[in-house]
Every structure is written in structure tokens, then in C-alpha cells.
Amino acid sequence: ATIRPTLAQTTMPPMQAPITSTPTSAPTYSPTFAPTQSFSPTTTPESIFDLLRSILTGPPLFYDPSVFSDSSTIAFRSLDWMIYVDTVSTELFASTTTPNRFQEVLQRYAVVYFYYSTNGPSWTGSWTNNDIYNFMSIDNDVCDWNDGTTSNDDGVYCNSDGMIDEIRLNYDDSINGVIPRELGLLTQLTHLSLQYNALIGSIPTEICLLTQLTALRQYGNSLTGSIPTEIGHLTKLTFLSLSDNALVGSIPSEIGLLTQLTAMRLSNNALVESIPSQIGLLTRLSFLALSINSLTGSIPTEVGQLTELTYLGSWNNSLTGSIPSELGRLTQLNSMVLKDNSLFGSLPIELGRLTKLTRLHLDNNHLTGNLDPVFCTPVFNWKLFWSDCTGNPPRVTCRCCTACS
């Protein structure tokens, strides 16, 4: 194929065949929780306690029985509230007509546990106004622990079957503590949004039991630990954001199983090692942000398979090697930010195909050569174009750059 006439008349080599690689190791974490159990009606506190203990010592949580005799544990506090304070829980235990009684008990427990795990009694955000949000209300179904308007507002929301399908708790630094693994009980959850709070600790692997999730937003906290390899179970995810935390380790190859993703944000963590080639399997991605980490190695050629990308950001890492010619396939890109790495060599002429680019940052690398034939042509309309075009002589020549470093 030859480059379009409005560019320099330079012949481009054909693109390589599509990438077909799969994750090198499939996830081995299998959900074992079957929320279809039932129990006989019961009303005495002792029998209710024994019943919940028998449930929670089984899958998927496998509690140590000792937590039920220690009043300082969150499990004890949660059960104590449900048994001795909460009217709705008592009614659920005694009911003979509620069709999803078992699931409703467990999902109420999971949210109560979350409340205590994240220092709920000290929350200072809008959720503490119980008259409006009904949170921890002893007389209201957990589906009503919200402001009663739309699921775009903070709160707990349920589907038509009365099962929790959305939790949104955002922008409140009084929500601190750890994300509890008990959220793995909410098997109908489709949206989990806990962004810009003050959460710490690791991402529990039990989150990966939530195979109905389409959106997982946990950015803007202080989460540590690695991204669980079990994340590959969340095959319905379309949006994944774990940016602005303190996550470590590598990006797991199992990320390549999330083929429904349209946006993935992993920026501003402490991720290391190379970008997995399996990222090329995420062919529906339109937004990919990997910046401000400690990623090494070269940009995988498989990134060229992400032909729906409009944004590609991997700046402020330790990437090396040359920019792959395969990136010339990304013809929907309008922003590409690769500054502050150790990339070297000349730019492949194939990048001249990226005619929708309006923002390009290549500065603070070790690139060389003349950028004019690739990017300084009439088909480009630059808003921001940075490169290393200062110095005597400059590393690169670029007459159309809007700024030089």
C-alpha cells in the first residue's frame, strides 16, 4: 500500500497479520459459590446466629469459626447488628414467602460488612445523612439505601429481582479502610464504583467472583498489592479503572481475557515489567492509559491490533526500543502520549496514516531523524505536538511541532 497523495510519496510496507496470541496461563480461580441455598424460617437470635455461622464458614468466604466469638471482628459486629438491631433481617429470617430470602440475607450482610470495614460510623460525606439515604436503616430494604432518584447518584441499587447490581460510593475521603472480600457475595453486581475515597489494602480476589461486572472503578484511592490474575474471570467488563493508587507487580497476562473492554486505566501506580502482548486481544479498546508507572521493555507490536483506540498514553515509564510500525494501524487515534521514556530510533513512516491525531507527545526520549515526512503534512491539524527538537544539532527535525524540549 502507498501513502495517500497528500503526504510525501513514500511507499509503506504492508501491515502484519492480526495478532492471535492468548494469555500464557489461563486463570485457575473458579467461583464455587452457588447462591441457591435455602433455610427454614427461624426467629430466635441464637438460631439465627448459628444459621449465619454455618453459611459463612462455607464457600466462598470460608470464615474461621473463631471470628464469631470475637466481638472486635467486623463479622461479629455485622451479625450483631443484623440479629439484634435490624428489623428487615429479622423479617427475612422469619419469612416463609420471600423467594430470594437466602440471597437477600447475604447481600444485606455484605453491605453491612462493607460499612463497618470502611469506617462507616465516621463517614462525613452525604451518606451519613440517613434521613435522605436510608443507609443502615433497620426498616428499609438494602435496595433503598440510596437517595431514591437515579443510579447515577451514590448509593446501593438493585435490579428488578431485588438483587444488588450497583454500588456507587465516590469522592469521600472519610470512606477509608479496606475493600472487604465479602463483596464477592454480591453475585449480580454489574457496577462497582469506589473512586476517589481513602481506601487502602489490596484488591480482594473475591471481587473476581463478580462475573456480571461490566464496570469496575477503584481509582483515586491508596490501594496496594498487585492486580489479581483472577481478574480474567470478569469477561463482561467494559470499563476498568485502577489508576491513581499504589498498585505494584506486573500487568497480568490474563487481562487479555477481558475482550469486552472499551476503556482501561492503570496509570499512576507502581506497575513494573513489560506490557503484556495479550493486550492486543482487547480489540474493542478505545482508551488505554498506562502512564506514570515503572513499565519496561518495548511497546508490544500487538498494540497495533487495537484499531478502535482514540487515546494511547504510556508516558513517564521506562520503555525502550523503537516505536513499532504496527501503530500505524491505529487510524482512530486522536491523542498519543509517549513522552518521558527511553524510546529510540527514527519514527516509522507508517505513523503517517494516523491522520486523526491532534495531540502527540514524543519529547524526552532518544528518538532521532526527521519528523517532517511523517507528520508535517497538510492532513494533520496539530493542537499539541511536542518532540525533542531543540539543541545544536537537535535530536529530531520537526518544522510543525508546536513545542520543542
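Start with helices α1 and α2: α1 passes α2 in a right-handed crossing. The model on screen is predicted.

**Stop 1: α1 and α2**

Select residues 45-56 for α1 and residues 74-84 for α2. Two packed helices are described by the angle between their axes and the distance between the axes. For α1 and α2, the angle is about 140° and the axes lie 10 Å apart. Angles over 145 degrees count as roughly antiparallel, and α1 and α2 are therefore oblique to each other.

Now show the side chains where the two helices meet. On α1, pick P45, I48, F49, L52 and L56; on α2, pick L79, I83 and Y84. What classes of residue make up this contact? The contact of α1 with α2 has eight nonpolar residues, with no polar and no charged ones.

**Stop 2: the loop between α1 and α2**

Follow the chain to P60, which sits in the loop between α1 and α2. Select P59 together with P60: the peptide bond joining them is cis, with omega about 5°.

**Stop 3: α2 and α4**

Keep α2 selected and add α4, residues 101-117. These two helices pack at about 125°, and their axes are 9 Å apart. They are therefore oblique to each other. The crossing of α2 past α4 is right-handed.

The residues in contact include R77 and W81 of α2, and R108 and Y116 of α4. To see the rest of the contact, add I74, A75, S78, L79 and M82 on α2, then V105, Y109, V112, Y113 and S117 on α4. By class, this contact has ten nonpolar, two polar and two charged residues. L79 of α2 takes part here, and L79 also belongs to the contact with α1.

**Stop 4: α3 and α4**

Hide α2, keep α4, and select α3, residues 87-94. The angle between α3 and α4 is about 155°, with 9 Å between the axes. That makes α3 roughly antiparallel to α4. Is the crossing left-handed or right-handed? α3 passes α4 in a left-handed crossing.

For the contact, show V88, S89, L92 and F93 on α3, and R101, E104, V105 and R108 on α4. There are four nonpolar, one polar and three charged residues here. V105 and R108 of α4 touch α3, and V105 and R108 are also in the contact with α2.

**Stop 5: two backbone details**

Go to M136, in the loop between α5 (130-133) and β1 (155-158). M136 is not a glycine, yet its phi is positive, near 60°.

Next, select N392 and P393, which are joined by a cis peptide bond with omega about 5°. P393 lies in the loop between β18 (384-387) and β19 (396-397).

**Stop 6: the cavities**

How many cavities of 30 Å³ or more does the structure hold? There are two.

The largest cavity has about 50 Å³ of space. Select I275, L288, L290, I299, V303, L312, S314, L319 and L338 to display its lining. The lining has eight nonpolar residues, one polar residue and no charged residues. S314 is one of the lining residues, and serine counts as polar.

The second largest cavity has about 40 Å³ of space. Its lining is I203, I207, C208, L216, P228, I231, L234 and L242. By class, these are eight nonpolar residues, with no polar and no charged ones.

Terms used
Residues are numbered from 1 along each chain as its sequence is written. This is a predicted model: local features need pLDDT of at least 70, side-chain atom pairs count only at pLDDT 80 or more; totals for chains, interfaces and linings use all residues. Side-chain values use heavy atoms; hydrogens and water are left out. On a 1 Å grid over the protein atoms alone, a cavity is a set of points where a 1.4 Å probe fits but cannot get out, and a pocket is an open set with protein on both sides within 12 Å along at least five of seven lines; lining residues have an atom within 4 Å of a point. Grid points are joined across faces, edges and corners, and a volume is the space filled by probe spheres set on the points. Axes are lines fitted to C-alpha atoms, for helices over the stretch in contact, and angles run from 0 to 180 degrees between N-to-C directions. Helices (H or I, at least four residues) and strands (E, at least two) are DSSP runs, numbered from the N terminus. Angles under 35 degrees count as roughly parallel, over 145 as roughly antiparallel, 65 to 115 as roughly perpendicular and the rest as oblique. A crossing is left-handed if the near helix is turned anticlockwise from the far one by less than a right angle, and right-handed if clockwise. Contact means heavy atoms within 4.5 Å.
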